[in-house]
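Let's take a walk through this model together. Have the viewer open and follow along.

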Amino acid sequence: MTEAFSILFAIALALTLSLKLWLGGRHIRHIALRRPEVPAAFRDSITREQHQHAADYTIAKTKLGLLSAWVDTALIAALTFGGGLQWLSLHTMQWFAAPLLSGLALIVAVSVISSLVSLPFSLYGTFGIETRYGFNKMTFALFLADQIKGLLLGAAIGLPLVALVLWLMDISGPLWWLWVWLVWSAFQLLMLAVFPTVIAPLFNKFQPLQDEALKARIESLLQRAGFKSQGVFVMDGSRRSSHGNAYFTGFGAAKRIVFFDTLLSQLSHDEIEAVLAHELGHFKRRHILKRIAMAFGLSLLLLWTLGQLLHAPWFYLGLGVAAPSTAMALILFFMAIPAFTFPLTPLSSLMSRRHEYEADDFAAEHTRADDLISALVKLYRDNASTLTPDPIHSTFYDSHPPAALRIQHLRGNQA
């Protein structure tokens with residue numbers, strides 16, 4: 001059984017990497033072939049230079065993603081088949097006699113290694129690609145401050161949570177996975193509630209919207225849509241990037257609307273109202289609740305599966321580990337499971353794209369479809385989003401429909 005599982009995991013890991021490389025290669029070739037000319041539907045709104053800028057930007061990001069896929073796969077292979085996790089486990093057990101502390105140390109060690117491996121990609125993405133294509137506004141000091149804040153926040157929140165999970169796994173008997181799921185679900189709901197007012201302000205400044213005319217339009221839209229929030233805020237996104245965005249955050253009574261300051265400078269009031277109506281559509285069509293329910297259901301299934309593997313020697317030995325523990329089980333499981341589930345990614349993408357169409361339909365009902373179309377075109381242009389993604393790559397990865405299909409759908413709402 002051990003050898004069979006090792007072979008199965010190696011095949012899954014290799015197939016997942018091969019699929020990522022094939023999809024990325026298709027995407028790059030498809031965009032490069034269509035780089036010379038702007039698609040007919042966008043020739044009145046996007047110049048050839050802007051179209052080619054977006055093509056080059058997307059290709060650069062895709063190439064970086066492919067290199068990252070190689071490195072991530074090599075890291076997993078080194079930690080499992082290469083004996084890296086076994087070596088770390090032996091050392092953390094020497095450092096700490098208590099199983100809970102040695103388990104925490106092992107998880108921290110793996111997290112640190114993973115973060116260090118991904119750091120060069122983050123640096124190059126920010127200070128290489130984003131800077132080269134005119135989007136990065138972040139200084140290295142701000143980047144470093146974000147990393148330190150994220151590290152401290154992760155330790156303050158993550159270490160007690162992981163310690164609780166490991167403790168529950170040890171003392172809760174065969175149904176430990178159910179207790180861990182309940183704790184995890186409660187934690188997720190708590191984070192949704194406190195993120196807007198406690199966590200997000202650690203990284204960005206949020207100011208109430210000052211434009212009274214725009215605020216009046218937004219309040220009118222909220223009233224028409226039957227939506228209540230704790231306020232409309234502007235975030236200083238321009239400190240880090242010139243990309244624009246808008247989003248809802250929070251849960252229940254803690255909901256708030258957030259606009260990037262860059263978005264407000266890019267769009268007219270009519271367009272901002274249409275973008276907000278789209279975001280409202282996600283709430284009114286219960287997309288947020290559906291996604292939360294799906295995430296909770298999936299986490300329950302994954303934890304139950306781990307419960308069946310926790311005491312299976314072949315699970316550990318097949319992944320290069322001879323020292324089973326609850327911490328090691330968590331690491332191995334969540335390291336191995338993506339190799340087996342990656343081919344299912346299009347299912348999640350399909351659901352997300354359907355939700356985007358439904359939110360667009362809601363926006364077209366409460367504002368003018370033309371305003372949302374013009375807003376989307378400006379966002380595609382200013383964010384350098386490619387207008388010509390490879391269809392298979394898009395079907396697999398993209399949470400939003402391709403630009404041409406989305407705008408075609410909105411124009412159908414005008415009929």
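How much of the chain over residues 28–205 is helix, and how much is strand? The split is 79% helix and 0% strand, with the end C-alpha atoms 37 Å apart. Helices here are DSSP runs of H or I with at least four residues, strands are E runs of at least two, and both are numbered from the N terminus. That stretch comes from UniProt, where an unreviewed entry lists residues 28–205 as "domain: CAAX prenyl protease 1 N-terminal". UniProt positions are given in the numbering used here, feature names are shortened, and annotations may be inferred rather than shown by experiment.

A quick word on the ground rules. This is a predicted model, where local features need pLDDT of at least 70 and side-chain atom pairs count only at pLDDT 80 or more, while totals for chains, interfaces and linings use all residues. Residues are numbered from 1 along each chain as its sequence is written, and side-chain values use heavy atoms, leaving out hydrogens and water.

Now for the transmembrane regions. The unreviewed UniProt entry places this feature at several spans, including residues 100–129 and 150–169. Residues 100–129 are 100% helix and 0% strand, and their end C-alpha atoms lie 42 Å apart. Residues 150–169 are also 100% helix and 0% strand, with 27 Å between the end C-alpha atoms. Ala-109 sits in helix H4 (residues 99–132). Ala-109 counts as buried because its relative accessibility is 18%; buried means under 20% relative accessible area, exposed over 50%, and partly exposed in between, using a 1.4 Å probe and protein chains only. From Ala-109 to His-278 it's 169 residues in sequence and 42 Å in space, C-alpha to C-alpha.

Next, the residues that UniProt lists under "active site", again in an unreviewed entry: Glu-279 and Asp-360. They span 82 residues in sequence, yet no two of their C-alpha atoms are more than 8.7 Å apart, so they gather at one spot. Glu-279 belongs to helix H9 (residues 269–284), and at 18% relative accessibility it counts as buried. Leaving aside residues up to four places away in sequence, Glu-279 touches Ala-246, Tyr-247 and Phe-248, where contact means heavy atoms within 4.5 Å. Asp-360 is in helix H13 (residues 345–366), and it is buried too, with a relative accessible area of 0%.

Why does the length of helix H12 (residues 326–341) agree with expectation? At 1.5 Å a residue, its 16 residues should span 22 Å, and the end C-alpha atoms are indeed 22 Å apart; the expected span is 1.5 Å times one less than the number of residues. H12 is mostly covered, with 12 of its 16 residues buried. Among them are Met-328, Leu-332, Phe-333 and Ile-337.

Last stop: empty space. There is 1 cavity of 30 Å³ or more, and the largest cavity has a volume of about 40 Å³. A cavity is a set of points on a 1 Å grid over the protein atoms alone where a 1.4 Å probe fits but cannot get out, and lining residues have an atom within 4 Å of a point. Grid points are joined across faces, edges and corners, and a volume is the space filled by probe spheres set on the points. The elements giving two or more residues to this lining are helix H2 (48–79) and helix H14 (369–382), and H2 gives the most, with 3 residues. The lining of the largest cavity includes His-51, Tyr-380 and Arg-381.

Technical notes:
1 Å grid on protein atoms, 1.4 Å probe; cavity = no way out; pocket = protein on both sides within 12 Å on 5 of 7 lines; lining within 4 Å.
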